[in-house]
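Take a look at the model below. The walk-through starts with the cysteines and then turns to the fold and its core.

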Amino acid sequence: MKLSEITADVVCRYLRLTDNDSEDKALIDGIMESARAYILSYTGLTNEEADKIADFQYAFLCLCSDMYNTRDMTVQQDKLNPIAKCILDMHRTNCIG
């Protein structure tokens, strides 16, 4: 699945949201937009380039999960999910090195 093809329903299933979580589901579009922007900014890739990398679907879902689960103003953990970081680091084009 391409990064651009991941739908809110896919993210909701990944987060295990039920129909009773309708208020939480309203956040998903914003979370998805932020996760996609984060991937593109972190890697320096375009939407088209990112769509060619199959690994990004899992990194995207991990980021969405982290963003959904960390909604407090105070953050206990400020580190990127290690699996998502590993995937994104493999495809960075804007790394100074």
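The sulfur of Cys62 has its closest cysteine sulfur in Cys64, 9.4 Å away, which is too far for a bond. A disulfide is a covalent bond between the sulfur atoms of two cysteines. To count as one here, the two sulfur atoms must lie within 2.5 Å. The structure holds zero disulfides. This is a predicted model, and the distance is computed from its atoms.

Cysteines also vary in their surroundings. Is Cys62 buried or exposed? Cys62 counts as buried because its relative accessibility is 3%, and the limit for buried is under 20%. Cys86 has a relative accessible area of 46%, so it is partly exposed. That class runs between the 20% limit for buried and the 50% limit for exposed.

Now step back to the whole chain. Which secondary structure does it have? There are five helices and zero strands. Read from the N terminus, the order of elements is α-α-α-α-α. The chain has 97 residues, and 32% of them count as buried. About 6500 Å² of the chain is exposed. Carbon and sulfur atoms supply 50% of that area. Consider next the contacts with a separation of 6 or more. Of these, 74% join residues 24 or more positions apart.

The helices meet in a nonpolar core. How many residues does the largest one hold? It has 28. Val11, Ile28, Phe56 and Phe60 touch the most other members. The elements giving two or more residues to this core are α1 (8-15), α2 (22-43), α4 (56-69) and α5 (82-90). Helix α4 provides the largest share, eight residues.

Follow Phe56 outward from there. What does it contact beyond its neighbours within four places in sequence? The partners of Phe56 are Leu3, Ile39, Thr43, Leu45, Ala50, Ile87, Leu88 and His91.

One of these partners, Thr43, deserves its own look. Thr43 is found in helix α2. Why does Thr43 count as buried? Its relative accessibility is 0%, and anything under 20% qualifies. Leave out residues up to four places away in sequence, and Thr43 touches Phe56, Leu88, His91, Arg92, Thr93 and Asn94. Leu88 and His91 therefore appear in both lists, as contacts of Phe56 and of Thr43, within the 4.5 Å used for contact.

Methods: Residues numbered from 1 in each chain as written. Predicted model: local features only at pLDDT ≥ 70, side-chain atom pairs only at ≥ 80, totals over all residues. Heavy atoms only, no water. Core = buried A, V, L, I, M, F, W, Y, C linked by side-chain atoms within 4.5 Å. Buried < 20%, exposed > 50% of the residue type's maximum accessible area, 1.4 Å probe, protein only. Helix = DSSP H or I, 4+ residues; strand = E, 2+ residues; numbered from the N terminus. Areas by Shrake-Rupley, 256 points an atom, 1.4 Å probe, with all protein chains shown as cover.
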